[in-house]
Amino acid sequence: MKKLFKPSNLPFYLKHIILILSVIIIYWSIYPWSIKDFIKRQTVTQEMKIGENNNYIRIFPKDLYDFIQEVKSVCNQNDKILFLSKEGKGENDFFLLSYELYPQKIFWISDLKPGSINNWWLQNDMTPKSIVDYLRENEIHWIISYGISPVNDSSISSLIKISNYILYKKI
Amino acid sequence: MNILLLGYLIVGVFFIFSIFLGYTLLNLLLPHRFSTSFDFSASEKILLSFLFGSATITWFSFVFLLLNIHLWPIIVFGLILLIISKIQFVEFYTSILSISLWKKLFPNLSKLILVFFTGWIVFEVFIRSNMISDGLYLWGFKARVIFEGGNIITAYFKNNVLVWSHLDYPLYLPILEGLIYKLLGSIFEPVVFIIVPIFYLLGGIFIFITLRRFFKFYLCYLLLTLYFFIPHLRNIAVLNYADIPLALYYNVSVVYFFLYLRFKKSSYKYLSIFAAANLFWIKKEGFILYVIYLLGFLIFNHIRGQKNYLFLLLSAIPCLFWYFFLFVNQVTSIDFVTPSYSFLINNINRFTEIPVYTRRLLKYPPHWGLFWPVLLVIMILRYRFIRDKSKVYLAYSVILPLIIYPCLFVFSTWQPYYEHVRTALDRLILQVFPTAFVFFAIIFTPDKYTDTISPKGINKSYEK
């Protein structure tokens, strides 16, 4: 019996399996935070929905995915798009829109205070007047607003609304 | 055919092509013939071939992109190089891929560990990975730009609308992914998201190969498993960041210079320089690691021959080219300001706050477990053991980046700047982690293992 439990007398693979299992057990007993972290990530992932279009898979939020498909169907490649949001909300949405709609140019104006010396958004106080002024001064074909009420102006008309996203066409 | 399977097939073919190309180049460049060298094990040769092959492919692809030439010439160039180098595929097969050597490549348990972790990683890429991250809209975006084609300078580097995508980030990973998109014919992220996890596995294999030179294999398996289990490494491996490839390249450059100091084999030194020459090309912070490496080389290298300096100068040419390119196109960093005295004085209080954040991050158990505190304790307890030049060099390569990286955030443009520290510093530390792990293993184990070693890495007295 004593001989059997000597490491050198154990079968080759059993020895290795015991080694691996012991490492795993030590690991999980010392670091229970990892399990919590893992479960937390699972919950986050389940909130995402998978959108499908032929062979494309995107793990985006479903409403954003649907909105992007609608935008793609109406915009031309050389069109310029303006993205509007307040207080810096929708930063990730701006990135995802830029990623999905490339090579279309997307500008972002926001009332977000300068977060860095070189900003990637154009600062604007986001009052209806300043937005309309900006639209008149710049050549913009489409406007995407995220979570803000639409601008009342005769030069723009609402086209598509999905969840918090609204697409306007500049006439 | 299922596009995912086709994608993985293309990734496999691309990797094999990189291995052949790297193998050929190393045979041509190293003073001693790489294919017949006994200084490297078979799996080590494959791994190094892949690293140098992939780096060469991305460099030539970048030059072709600047010349606005389609990326296919790189394949032709590679094939020509293979033919002129007179490397016969039969030789490659018999020396590396033969059945008997296959067992030596991945003996017994390492096969099991690798299969287990490969399965785990593939599972995590699909189930756990959160594709909405910088991995997609910074690194993945660049790959998309390369796939869409056009003149990269006007379409990307001079496009002010795309400033958010960090124009100054190097293009190693995006070009690898863009090439795979080109071969696939469409953009399909799950295929290219497998590349960084492969680097994670390669990093583990490299650690195993390195430790196998010093320790008997049970201890190596134990350390390998511990390495794979570090939570932050797994978290980042599924997010398509370039930190893990950079960590592998840095580890290769430091470990080979360490081996050179130990065994005085010139092939180790040249390999180390080749790996270090690619550091800045993988991630922006690689430049700092490259400077640290160069300083280390000049301080610790005992032979001060002209040939060494010539090699160092040659290795700096790609780096100079890249930064000249950025300078000409007026591409600047949006995360950090150019260091200036006035900015430093205005933000001097950060010097007192950053060490507190750094300490908190290093002690954060869900990311690092207890690795850093344990390393610190071991270093204090066994400081007498860090006595020869090679071990001091390892300590230097681990400690200096850990001092310099937090200091970078003094020049951060973020408001508040600690958000930048919280987001980025952990990943910067990750770049040094594999090297720190090797250092930990070397100083942790008893003297009898590390002091009686042979260059071939197989010490018969500890084999049993």
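1. Let me start with a loop residue in chain B. B:Phe40 sits in the loop between helix 1 (3–29) and helix 2 (42–66) of chain B. Is B:Phe40 buried or exposed? B:Phe40 counts as buried, because 22 C-beta neighbours lie inside 10 Å and the cut-off for that class is 20 or more. As for its place relative to B:Leu430, the two are 390 residues apart in sequence, and their C-alpha atoms are 26 Å apart in space. Please keep in mind throughout that this is a predicted model.

2. Two other loop residues of chain B are worth a look for their backbone angles. B:His166 has a positive phi of about 55°, although it is not a glycine. Its place is the loop between helix 8 (152–157) and helix 9 (172–184) of chain B. B:His166 has 18 C-beta neighbours inside 10 Å and therefore counts as partly exposed.

3. B:Gln330 is the other residue I had in mind. Its phi is near 55°, again a positive value in a residue other than glycine. B:Gln330 belongs to the loop between helix 18 (306–328) and helix 19 (341–346) of chain B. Here the surroundings give 9 other C-beta atoms within 10 Å, so B:Gln330 is exposed.

4. Now to helix packing in chain B, beginning with helix 11 (residues 195–212) and helix 12 (residues 217–229). These two helices of chain B pack at an angle of about 150°, and their axes are 9 Å apart. Helix 11 and helix 12 of chain B are therefore roughly antiparallel to each other, and their crossing is right-handed. On the side of helix 11 of chain B, the contact is made by B:Gly204, B:Ile207, B:Phe208, B:Leu211 and B:Arg212. Helix 12 of chain B contributes B:Phe217, B:Cys220, B:Leu223, B:Leu224, B:Tyr227 and B:Phe228. By class, the contact between helix 11 and helix 12 of chain B has nine nonpolar residues, one polar and one charged.

5. Helix 11 of chain B has a second packing partner to consider. What is the angle at which the axes of helix 11 and helix 14 (residues 243–263) of chain B cross? The axes of these helices cross at roughly 20° and come within 8 Å. That makes helix 11 of chain B roughly parallel to helix 14 of chain B, and helix 11 of chain B passes helix 14 of chain B in a left-handed crossing. From helix 11 of chain B, the contact residues are B:Val196, B:Phe199, B:Tyr200, B:Leu202, B:Gly203, B:Phe206 and B:Thr210. From helix 14 of chain B come B:Ile244, B:Pro245, B:Ala247, B:Leu248, B:Asn251, B:Val252 and B:Val255. The contact of helix 11 with helix 14 of chain B divides into 11 nonpolar, three polar and no charged residues.

6. Turning to chain A, the secondary structure comes to five helices and eight strands. Read from the N terminus, the elements of chain A run α-α-β-β-α-β-α-β-β-α-β-β-β. Buried residues account for 23% of the 171 residues in chain A. Among contacts in chain A between residues at least 6 apart in sequence, 51% join residues at least 24 apart.

7. The sheet of chain A deserves its own point. Six strands of chain A form an open sheet with mixed pairing, in the order 5-4-3-6-8-7. Strand 5 (122–123) and strand 7 (156–162) of chain A each have a single partner strand and stand at the edges, so one side of each is left without a neighbour in the sheet. Strand 5 of chain A pairs with strand 4 (residues 105–110) of chain A in the parallel sense over two bridges. In this part of the sheet, A:Ser110 stands opposite A:Gln123 in strand 5 of chain A. Helix 4 (residues 91–101) of chain A packs on the sheet, where it touches strand 3 (80–85), strand 4 and strand 6 (142–146) of chain A. The direction of helix 4 of chain A makes about 165° with that of strand 4 of chain A.

8. Strand 3 of chain A can be followed from there. Strand 3 and strand 4 of chain A run parallel and are joined by six bridges. A:Ser85 stands opposite A:Ser110 in strand 4 of chain A. Strand 3 of chain A is mostly covered, with five of its six residues buried.

9. One last peptide bond to check: A:Tyr102 and A:Pro103 are joined by a cis peptide bond, with omega about 10°. A:Pro103 lies in the loop between helix 4 and strand 4 of chain A.

Methods: Residues are numbered from 1 along each chain as its sequence is written. Chains are lettered from A and ligands numbered from 1 in the order in which they are written. This is a predicted model: local features need pLDDT of at least 70, side-chain atom pairs count only at pLDDT 80 or more; totals for chains, interfaces and linings use all residues. Axes are lines fitted to C-alpha atoms, for helices over the stretch in contact, and angles run from 0 to 180 degrees between N-to-C directions. Helices (H or I, at least four residues) and strands (E, at least two) are DSSP runs, numbered from the N terminus. Angles under 35 degrees count as roughly parallel, over 145 as roughly antiparallel, 65 to 115 as roughly perpendicular and the rest as oblique. A crossing is left-handed if the near helix is turned anticlockwise from the far one by less than a right angle, and right-handed if clockwise. Two residues are in contact if their C-beta atoms, placed from the backbone, lie within 7 Å. Ala, Val, Leu, Ile, Met, Phe, Trp, Tyr, Cys and Pro count as nonpolar, Asp, Glu, Lys and Arg as charged, and the others, Gly among them, as polar. Two strands pair if DSSP finds at least two bridges between them. A residue is buried if 20 or more other C-beta atoms lie within 10 Å of its own, exposed if 12 or fewer, and partly exposed in between; C-beta atoms are placed from the backbone.
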